[in-house]
Amino acid sequence: MTSTGATQHNPMARVAFASMTGTVIEFYDFFVYGTAAALVFNKVFFPELGAAQGTLLALATFGVAFVARPFGSILFGHYGDRIGRKRTLVTTLLMMGLSTVAIGILPSTDTIGVLAPIVLVVLRIVQGLAVGGEWAGATLLAAENAPKAKRGRYALYPQLGPSVAFALSSATFLVTALTMSNEAFLSWGWRLPFIGSILLVGLGLFVRLKIEETESFKAAKNSGSISKLPVIDVITRQPREIILGSFMTTTVFGFFYIGVTYLTTYGTAVLKHPRTTVLALGILGGLAFAATTIAGATWSDRAGRKKLVLWGNLASIAVGVVAFPVLDIGTAWAFGLGLCLVLGVVGFAYGPVGAMLPELFSAQYRYTGAGLSYNLAGVLGGAITPLVAGVLVDSFGSIALGFYLAFLALVSTLCTLGLRDTRHVEMTTVVPPTMTEGLQGASS
């Protein structure tokens, strides 16, 4: 691919739409599960454990997918780096969509007993594997097709997936909550967002089948540089970029999943806000995250990726300290403000990550490297943080969780300082197969 951007067969408007549509669908399915885990799964799949323990176990099943995500990045990264971005992305989309529909029709524990939570965990693992392979492919689709001067701008489209998906999943559950009784919602209404995702999958599949393979992958293939074992090559050649890239992104996951999962429970169970209020404010939080993601990605083309990620992580230190004092004011507007602070602040770092992580790695193992870094961050920030949140709040008060988030942001800030800016990298750069040292130019 040259610096002029997409070919006539892959116009950027189509590429942007395909990359964003896929991540919206993937993360919609992901967040629908998170919302349901916070609101109803304790009653549907873990009824004998009581509200508190049932909710904790339901959220633990949410975290299972994060453990699966790095394995998904390795599995689909292998095929994405060997057979191409397009075919791999079609596979991840179908896996995610079908497993989500299956959750929607899964009988409850009252109907089939212990088999219900077991199947739920299996389907959740499938979701995690699919999401693990989705993000890297979608961002590569955008970043490898975009002109270098506008790479941050176009790589933001898959980055909009989580914010749009969170707003969409909140809106879906809000509509079901407003149009049916609580008994009907617990009985069958919660299933509708899962089953309805099949429509989004059909749209995403239609769009992705019309996209051609990226020029960067074609260049790697034509040069004979396709890696036989991408995960081995990227770990041995660029371990520093994997580690620093993961910790650089950890804060985004920590803040985001506190916002989209834990605060749903905190707002209803602790602060006693109506479920409809929390869901409506979730839409507002998703929009705040989208706005700052757009700003961060766009500015990174001018100011540099590293600078924007650094600003976002630094600001997150302050927000981690003040967020829960704001939330604990107890009013609906305070909850909305606190949620927008938690979700909005990390958008400034998340926007540039869509271009920066792919730019860190050589073309022949870029899918694996970018995906592995991103999904390791998901485990460190997105899986662990919601699980420890309840323990910290119960033991030391909500301020303890705020300081934990601030600590994550400090670690991410220090790791960001260890990386160089990447906005001038040529995406077709390939490390010769005989090289054994780390890629020095990929982060310059």
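**Group meeting: a helical chain, piece by piece**

Okay, let me start with one short helix. In α8, which runs over residues 182-189, the buried residues are A184, F185 and G189. Look down the axis of α8 and those buried residues sit within an arc of 100°, so they line one face of the helix. And what does that face pack against? The buried residues of α8 pack against α7 (151-179), α9 (191-208) and α13 (275-303). Keep α13 in mind, since we'll come back to it.

Before going on, a reminder that this is a predicted model.

There's a second short helix to put beside that one. α11 covers residues 230-237, and its buried residues are P230, V231, D233, V234 and R237. Yes, an aspartate and an arginine are on that buried list, D233 and R237. Down the axis of α11, the buried set falls within an arc of 165°, so here too the buried residues line one face of the helix. The textbook background is that an α-helix has 3.6 residues a turn, so residues three or four places apart point the same way.

Let's zoom out. How many helices and strands does the protein chain have? There are 17 helices and zero strands. As for the overall packing, the radius of gyration is 21 Å, close to the 22 Å that the globule rule gives for 444 residues, so the chain is as compact as a globular protein of that length. If you want a box, the C-alpha trace spans about 60 × 45 × 35 Å along its principal axes.

Some bulk numbers, since I know you'll ask. Of the 444 residues, 60% are buried. Take the contacts between residues at least 6 apart in sequence, and 86% of them join residues at least 24 apart. The accessible surface is about 15500 Å², with 71% of that belonging to carbon and sulfur atoms. On charges, we have 29 positive and 20 negative side chains, and the centres of the two sets lie 6 Å apart.

Now for a spot I like, where two helices meet. T250 is in α12, residues 239-270, and G381 is in α16, residues 366-396. Buried or exposed, this T250? It's buried, at a relative accessible area of 3%. G381 is buried as well, at 0%. Setting aside neighbours within four places in sequence, T250 is in contact with A377, L380, G381, L408 and S412. From the other side, again without those sequence neighbours, G381 is in contact with T250, F253, G254 and P386. One more distance here: the C-alpha atoms of G381 and I258 are 9.4 Å apart, with their positions 123 residues apart along the chain.

Let's move on to the end of α12. Which residue in the loop between α12 and α13 should you click on? Try K272. K272 has a positive phi of about 65° even though it isn't a glycine. For context, most residues other than glycine have a negative phi. K272 is exposed, with a relative accessible area of 63%.

And that brings us back to α13, as promised. T277 lies in that helix. At 23% relative accessibility, T277 counts as partly exposed, because buried would need a value under 20%. The C-alpha atoms of T277 and T331 are separated by 11 Å, and the two are 54 residues apart along the chain.

So, to recap the route: we began on the buried face of α8, went through the T250 and G381 contact, and finished at T277 in α13.

Terms used
Residues are numbered from 1 along each chain as its sequence is written. This is a predicted model: local features need pLDDT of at least 70, side-chain atom pairs count only at pLDDT 80 or more; totals for chains, interfaces and linings use all residues. Side-chain values use heavy atoms; hydrogens and water are left out. Helices (H or I, at least four residues) and strands (E, at least two) are DSSP runs, numbered from the N terminus. The radius of gyration is taken over C-alpha atoms; the globule rule is 2.2 Å times the number of residues to the power 0.38. Buried means under 20% relative accessible area, exposed over 50%, partly exposed in between (1.4 Å probe, protein chains only). Contact means heavy atoms within 4.5 Å. Accessible areas come from the Shrake-Rupley method with a 1.4 Å probe; for residues, only the protein chains shown count as cover. Lys and Arg count as positive and Asp and Glu as negative; His and the chain ends are not counted. The place of a charge is taken as NZ of Lys, CZ of Arg, CG of Asp or CD of Glu. The arc is that of the directions from the helix axis to the C-beta atoms.
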